[in-house]
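Hi there,

Here is the structure I promised to pass on. Have a look at it first, then read my notes below.

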Amino acid sequence: MADQFDVVVIGAGPAGYVAAIRAAQLGLKTACVDAFIGKEGKPALGGTCLNVGCIPSKALLDSSRQFFNLTHSFKDHGISAANPAIDVKTMVGRKDKIVKQFTGGIAMLFKGSKVTPYFGKAMLKPGRTVSVKGHDGASVDIAATNVILAPGSTSIELPFAKFDGKFIVDNAGALDFDAVPKRLGVIGAGVIGLELGSVWRRLGAEVTILEALPDFLGTADRDVAKIAAREFVKQGLDIKLGAKVSAAKVVGNAVEVTYADTKGEAKIVVDKLLVAVGRRAATQGVLADGTGVKLDERGRIVVDEHCWTGVEGVWAVGDCVRGPMLAHKGSEEGVAVAELIAGKAGHVNYDTIPWVIYTEPEIAWAGKTEEELKKDNVPYKSGSFPFAAIGRAVAMNETAGQVKILAHAETDRILGVHMVGPSVSELIAEAVVAMEFHGAAEDLARIVHAHPTLSEAVHEAALAVDKRAIHKAN
Ligand code: NAD
């Protein structure tokens with residue numbers, strides 16, 4: 001007889017493992033199946049985020065930031081060091097240790113909350129049976145009252161620039177270079193391109209980023225994108241916009257990349273090429289014929305606002321469904337679905353999901369941009385405040401950037417908050433709380449913010465919405 005569970009989750013990334021833990025907390029007999037094999041050749045829970053995404057990239061961003069500060073910024077503080085050097089093997093080893101700590105941590109959490117892990121490739125069959133093909137080739141069937149599909153996403157490959165793991169790589173490959181490439185090419189000036197481009201630039205690589213679209217960071221606030229672009233250029237990132245890549249060929253120990261922009265066709269030669277042109281839902285091989293679960297034109301699982309697929313007892317969460325591919329969005333969907341299964345009122349507010357790009361300066365936003373508000377004919381007022389006028393930012397020598405708050409012209413309700421600057425990945429949380437509570441700019445303006453802190457930029461921007469910022473002309 002097949003093993004029987006109340007809930008079987010397919011995928012142990014931030015959407016799936018969180019769904020499994022929450023379901024188990026609610027007293028449901030839960031299993032979670034995952035196929036990922038980590039760097040050591042063993043199953044590793046945590047999906048892309050923990051193994052080759054959020055966590056390892058932050059480890060390298062932090063290492064490279066320390067090195068950059070040592071070689072560039074510390075002299076302003078009167079600190080000098082003779083012959084600073086980067087040992088890439090140690091840096092990558094530290095990253096691997098952090099990954100191992102966190103993937104192992106999920107195994108412990110599963111044990112603690114009594115989630116049964118299965119290791120192998122899962123496929124949903126009709127009638128809510130999940131068949132798991134283990135890494136040893138043996139198959140086992142699990143019967144489930146509810147199935148939560150959370151298979152995540154995979155890097156999109158360009159037909160003319162296939163990943164070879166050595167010269168042409170995806171995000172995983174760019175986390176594991178064994179030395180700083182002299183020349184790094186990046187296709188795509190999106191989140192991954194900018195974050196990993198920054199890592200290797202800070203360590204000394206010449207980085208050229210080729211972006212097909214004419215606008216930089218098209219989904220971000222225009223002022224934020226402008227400030228960020230200016231800072232990235234200062235750091236030496238060579239970002240070419242409107243650059244359509246047509247070929248990438250490995251020649252000897254280098255890659256020749258051909259692209260065309262308004263100036264005509266051009267070529268760059270690089271030692272490594274990172275392709276970061278987006279990700280697609282990893283739904284291939286997850287659904288057997290006849291399950292009734294539908295895919296959209298981009299291969300994503302079709303769900304309603306409650307992450308229900310329309311098939312009794314089958315749900316889908318995270319990168320494999322509509323909405324932004326963000327770990328925290330997937331986790332919240334996982335929690336909501338587990339709670340709905342347990343008869344509770346699970347819910348995700350898609351209007352207040354924060355976005356963060358961990359470059360230097362950091363970029364973070366929540367809610368609507370001015371362009372979106374204009375398109376929807378929503379009357380709004382705007383207040384912004386630069387970090388250059390914030391005492392703490394000046395003391396830290398990190399003055400680039402600003403906070404901008406958009407509020408409804410009549411009700412003053414906060415509609416969007418857009419930040420670029422130091423630690424804005426943390427500062428955005430205050431904006432999300434205010435928006436979640438339907439707060440007004442006046443609410444933020446009346447709240448006492450500690451001095452001297454970076455959070456004063458949020459306070460002053462809220463005051464600026466009403467043209468009464470204290471430390472700048474309104
Ligand atoms: P992305 O969608 O952020 O950016 C891809 C970029 O590539 C876009 O600007 C696009 O215009 C460009 N592009 C597409 N095809 C191209 C081509 N042929 N030539 C040149 N440019 C081209 O995708 P990503 O950076 O690959 O990241 C994938 C996903 O992972 C995203 O959904 C992202 O949100 C998520 N992610 C999030 C974080 C974070 O939250 N900090 C970090 C990493 C990844």
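Let's start with a hairpin: strand 3 and strand 4 form one, with 3 residues between them. In the turn, Gly 127 has a positive phi of about 85 degrees. Keep in mind that this is a predicted model.

How many bridges hold strand 3 and strand 4 together? There are 6, and the pairing is antiparallel. If you want one pair to click on, Lys 121 has Lys 133 in strand 4 as its bridge partner. Strand 3 (residues 115–125) is also joined to strand 2 (residues 30–34), this time by 5 bridges and running parallel. Here you can look for Val 33, whose bridge partner in strand 3 is Tyr 118. In case the two words are new to you: strands of a sheet pair through backbone hydrogen bonds, either parallel or antiparallel.

Next, go further along the chain to another sheet. This one is open, has 5 strands in the order 17-18-21-20-19, and pairs in the antiparallel sense. Strand 17 (355–357) and strand 19 (380–386) are the edge strands, so to speak: each pairs on one side only. From one strand to the next, the twist averages 10 degrees. Strand 19 is tied to strand 20 (residues 402–408) by 7 bridges, and Tyr 380 stands opposite His 408 there.

Two helices pack on this sheet. Helix 7 (residues 222–234) touches strand 18, strand 20 and strand 21, and its direction makes about 5 degrees with that of strand 21. Helix 11 (residues 424–436) touches strand 17, strand 18 and strand 21, but its direction makes about 175 degrees with that of strand 21.

Now for the ligand. Which residues are closest to it? Of the 20 that surround the ligand, the closest are Ile 192, Glu 195, Glu 211, Gly 278 and Val 356. Zoom in on the polar atoms too:

- A polar side-chain atom of Glu 211 is 2.6 Å from an oxygen atom of the ligand.
- A backbone N or O atom of Val 356 lies 2.8 Å from a ligand nitrogen atom.
- A polar backbone atom of Ala 212 is 3.1 Å from a nitrogen atom of the ligand.

On its own the ligand exposes 850 Å², and the protein buries 76% of that. Helix 6 (191–202) and strand 17 each give two or more residues to the shell around the ligand, with helix 6 providing the largest share, 3 residues. By type, the shell divides into 14 nonpolar, 3 polar and 3 charged residues.

Cheers

Note on methods
Residues are numbered from 1 along each chain as its sequence is written. This is a predicted model: local features need pLDDT of at least 70, side-chain atom pairs count only at pLDDT 80 or more; totals for chains, interfaces and linings use all residues. Side-chain values use heavy atoms; hydrogens and water are left out. Two strands pair if DSSP finds at least two bridges between them. Helices (H or I, at least four residues) and strands (E, at least two) are DSSP runs, numbered from the N terminus. Axes are lines fitted to C-alpha atoms, for helices over the stretch in contact, and angles run from 0 to 180 degrees between N-to-C directions. Contact means heavy atoms within 4.5 Å. A residue is near a molecule or strand if one of its heavy atoms lies within 4 Å of it. A polar contact is a pair of N or O atoms within 3.5 Å; within protein, one must be able to donate a hydrogen and the other to accept it, and residues adjacent in sequence count only if both atoms are side-chain atoms. Accessible areas come from the Shrake-Rupley method with a 1.4 Å probe; for residues, only the protein chains shown count as cover. Ala, Val, Leu, Ile, Met, Phe, Trp, Tyr, Cys and Pro count as nonpolar, Asp, Glu, Lys and Arg as charged, and the others, Gly among them, as polar.
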